[in-house]
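Here is a short report on a protein model and its bound ligand. It starts at the binding site and ends with the overall fold.

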Amino acid sequence: MATSLKNLSDYDFTSIPDASGLSIGIVVAEWNIEINNQLLQGAIETLLHHGVDKANIFVNYVPGAFELTYGCKVMAENYDVDAIIAIGTVIQGDTPHFDYICQGVTYGISELNLSFDLPFIFGVLTVNSLEQAQERAGGKHGNKGVEAAVTAIKMGLYN
Ligand code: INI
């Protein structure tokens, strides 16, 4: 998948198994919603492209990236899904707040992966500027939502 040198939307279509049997949950942060909507769109288009039924894609919202962990936990407890994607964008400011939020959501999602028998996918952009976010939300570096959806399919079929 993507590295700093690779486009986030680049992957081998033929290597992805049929995903028509999967149900996928997506939790989206409202902070930086324009960017997150681009990521969400990339994720949904990719899931549909690989056969996931539109009726089997569930989308919930939380206020910010820090709340993604709890939103994903609630989704895991209340929806019969095969994988859950967390979508958010944290943009570096002048305060350490950025680091705390990034750390919180990263540990939170990691912890969920160990607590539930379900994969949680990290579709969170952590960037220095709005421009960098745009470049990774359908811009020159591709779309992190596409990468997250491909990962959700692979991990949803993992067992
Ligand atoms: N939340 C984000 O998703 N992205 C940000 O860039 C951001 N910044 O910059 O502060 C942000 N803050 C809100 C945070 O996620 C929580 O919602 C808030 O701290 C309440 O818990």
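Strand E3 gives the largest share of the shell around the ligand, three residues. The model is predicted.

**The shell**

Two elements give two or more residues to this shell: strand E3 (83-91) and helix H3 (97-115). The residues around the ligand are Trp-31, Asn-32, Gly-64, Ala-65, Phe-66, Glu-67, Thr-89, Val-90, Ile-91, His-97 and Ile-101. Sorted by class, six of them are nonpolar, four are polar and one is charged.

**Polar contacts**

Where do N and O atoms of the ligand meet the protein? The table lists three pairs, with Glu-67, Thr-89 and Ile-91 as the protein partners.

| Ligand atom | Protein partner | Distance |
|---|---|---|
| oxygen | Glu-67, N or O atom in the side chain | 2.5 Å |
| nitrogen | Thr-89, polar backbone atom | 2.8 Å |
| oxygen | Ile-91, polar backbone atom | 3.1 Å |

Glu-67 makes its contact through the side chain. Thr-89 uses a polar backbone atom, facing a ligand nitrogen. Ile-91 also uses a polar backbone atom, but its partner is a ligand oxygen.

How much of the ligand does the protein bury? Taken alone, the ligand exposes 460 Å², and the protein buries 75% of that. The site itself is the largest pocket, and the ligand sits in it.

**A residue with positive phi**

Asn-32 belongs to the shell around the ligand. Its place is in the loop between strand E1 (24-29) and helix H1 (33-49). Phi of Asn-32 is near 55°. That is a positive value in a residue other than glycine.

**The fold**

Now the protein as a whole. It has five helices and six strands. Along the sequence they follow the pattern β-α-β-α-β-α-β-α-β-β-α. The radius of gyration is 15 Å, close to the 15 Å that the globule rule gives for 159 residues, so the protein is as compact as a globular protein of that length. Along the principal axes, the C-alpha atoms fill a box of roughly 45 × 35 × 25 Å.

Notes:
Residues are numbered from 1 along each chain as its sequence is written. This is a predicted model: local features need pLDDT of at least 70, side-chain atom pairs count only at pLDDT 80 or more; totals for chains, interfaces and linings use all residues. Side-chain values use heavy atoms; hydrogens and water are left out. A residue is near a molecule or strand if one of its heavy atoms lies within 4 Å of it. A polar contact is a pair of N or O atoms within 3.5 Å; within protein, one must be able to donate a hydrogen and the other to accept it, and residues adjacent in sequence count only if both atoms are side-chain atoms. Accessible areas come from the Shrake-Rupley method with a 1.4 Å probe; for residues, only the protein chains shown count as cover. On a 1 Å grid over the protein atoms alone, a cavity is a set of points where a 1.4 Å probe fits but cannot get out, and a pocket is an open set with protein on both sides within 12 Å along at least five of seven lines; lining residues have an atom within 4 Å of a point. A molecule sits in a cavity or pocket if more than half of its atoms lie within 2 Å of its grid points. Helices (H or I, at least four residues) and strands (E, at least two) are DSSP runs, numbered from the N terminus. Ala, Val, Leu, Ile, Met, Phe, Trp, Tyr, Cys and Pro count as nonpolar, Asp, Glu, Lys and Arg as charged, and the others, Gly among them, as polar. The radius of gyration is taken over C-alpha atoms; the globule rule is 2.2 Å times the number of residues to the power 0.38.
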